[in-house]
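Subject: Structure handover

Hello,

Here is the structure you are taking over. Please open it next to this message as you read.

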Amino acid sequence: AIRRKAEKEAKKQAEKEMFELLGDAYKPKKKDMSKKSRSKQKEKEQEEKAKEEAKKKEEHERDFGVPIVSLKLDSKATVERVCAVMEHKDNLISKTKDGQQCIFIGISDGSTLNPIPVMIVGETPSTFEHKVDTVVDIRGAVAMVRGEKVILELTKENKGTISSCSQQLTDHIMEIKQENDEIRAQGGIPIEQLIEEQRAALDSDKLTPVTKERFFAWKEKKKKAKEAEWEAQRKEAAKKGGKGLNVLTGRALFAYDASLFKDDDGALDDNEYEEEGETTPSNEKQSETPKDDAGADANTDADVAARKLQESLYLDDEENLEDLDDLED
């Protein structure tokens, strides 16, 4: 016992001398832990790790459990939640229409060119604790759309709240805002990128693959639906008089009945038109000479054919023909 006591004292003295020599850098050798002690230490470390993971999960649920809405609003609605950077705060007290005190702040998440104003009812510059350039979490605000201008209204009656965001959420919102600002500085999001993003968001399992047969079946179905629409328009117009063809456009009329369109008997085809267009100088001189009687007869025939075409288009609608004659005069 005396020997063990002497060894213990000698060890303490040696450790004291080493500490005086090395200072805080000296770490005395610890005793080897028993199997039971190591098991307890491991259990303690696991408990601390589980507590830390539970805390992170709780923070993530608090930050992202409720969806965050973009500030790009276009209709009056109650906005469940927005998170944005507070760009400015008024230093003057304002009043609502019913005389309540309020202040205005401007927030931005990068989705709009200018900050969106927020009217906070019941607050004054001295009682409002949030600072400029911080990210705020606003819940239960009412979006008031006036023309192209959007104003958020936050009242206690609507259970609206405003609070500061955690560091994790702050970093997330600042990253989104920076990306939106960079896209806007480059001229906006390309239409191709928007199409690809929307296409990627579709659920491919619920979509029908496009094949040649399906495409032509869809095209034929669409054609029949269009023809049914034209027929309905024609019948509706026919009730007012005539055959109702004058309500259709030229393209729709041709698709409805191509036989109504006929070329003149004396019209040139494409080849003849090209040959006729390649005139020689002598032909140009001849074209400048007065027309003979045969040419006059040809013009008369063309006028008659044109009038027949007009009558076939308008058919029994005599009022429209009279209006057309007035235009020709």
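Below is what was found in it, topic by topic.

Please keep in mind that this is a predicted model.

Start with the helix at residues 2-22, α1. Its 21 residues should span 30 Å at 1.5 Å a residue, and the end C-alpha atoms are indeed 30 Å apart, so the two values agree. Just after α1 comes G23, with a positive phi of about 75°.

Next, the strands. β1 and β5 are antiparallel and joined by eight bridges; in this pair, C83 stands opposite D137 of β5. β1 also runs antiparallel to β3, with four bridges between them, and here M86 faces I107 of β3.

Now the interior. Nonpolar side chains tend to be buried together in soluble globular proteins. The largest nonpolar core in this model contains 19 residues, and I105, I107, I120, I138, L152 and I162 have the most contacts inside it. Two or more core residues come from each of β1 (77-89), β3 (101-108), β4 (116-121), β5 (135-146) and β6 (149-154). A second core, separate from that one, has six residues, including C83, V85, V135 and I173. To look at one residue in detail, take I105: beyond its neighbours within four places in sequence, its contacts include M86, I116, V118, I120, F128 and I162.

Which cysteine sulfur is nearest to that of C165? The sulfur of C83 is, at 4.2 Å, and C165 is in no disulfide. A disulfide would need the two sulfur atoms within 2.5 Å, so this pair does not qualify. The count of disulfides comes to zero. C165 is buried, with a relative accessible area of 14%, and C102 is buried at 0%.

Last, the charged side chains. The whole structure has eight salt bridges. One of them joins R139 and D137, 3.2 Å apart from N to O. D137 is buried at 5% relative accessible area, while R139 is partly exposed at 25%. Together with R81, these two residues are linked in a network of salt bridges.

Another salt bridge pairs R62 with D63, whose closest N and O atoms are 4.0 Å apart. R62 is partly exposed at 44% relative accessibility, whereas D63 is buried at 3%.

A further one, between K226 and E229, has an N to O distance of 3.8 Å. Both residues lie in helix α5 (residues 212-238), three residues apart, or about one turn of the helix. Residues three or four places apart in an α-helix point the same way, because there are 3.6 residues a turn. K226 is partly exposed at 39%, and E229 is partly exposed at 37%.

Regards

How values were computed: Residues are numbered from 1 along each chain as its sequence is written. This is a predicted model: local features need pLDDT of at least 70, side-chain atom pairs count only at pLDDT 80 or more; totals for chains, interfaces and linings use all residues. Side-chain values use heavy atoms; hydrogens and water are left out. A nonpolar core is a set of buried Ala, Val, Leu, Ile, Met, Phe, Trp, Tyr and Cys residues joined through side-chain atoms within 4.5 Å. Buried means under 20% relative accessible area, exposed over 50%, partly exposed in between (1.4 Å probe, protein chains only). Contact means heavy atoms within 4.5 Å. The expected span of a helix is 1.5 Å times one less than its number of residues. Two strands pair if DSSP finds at least two bridges between them.
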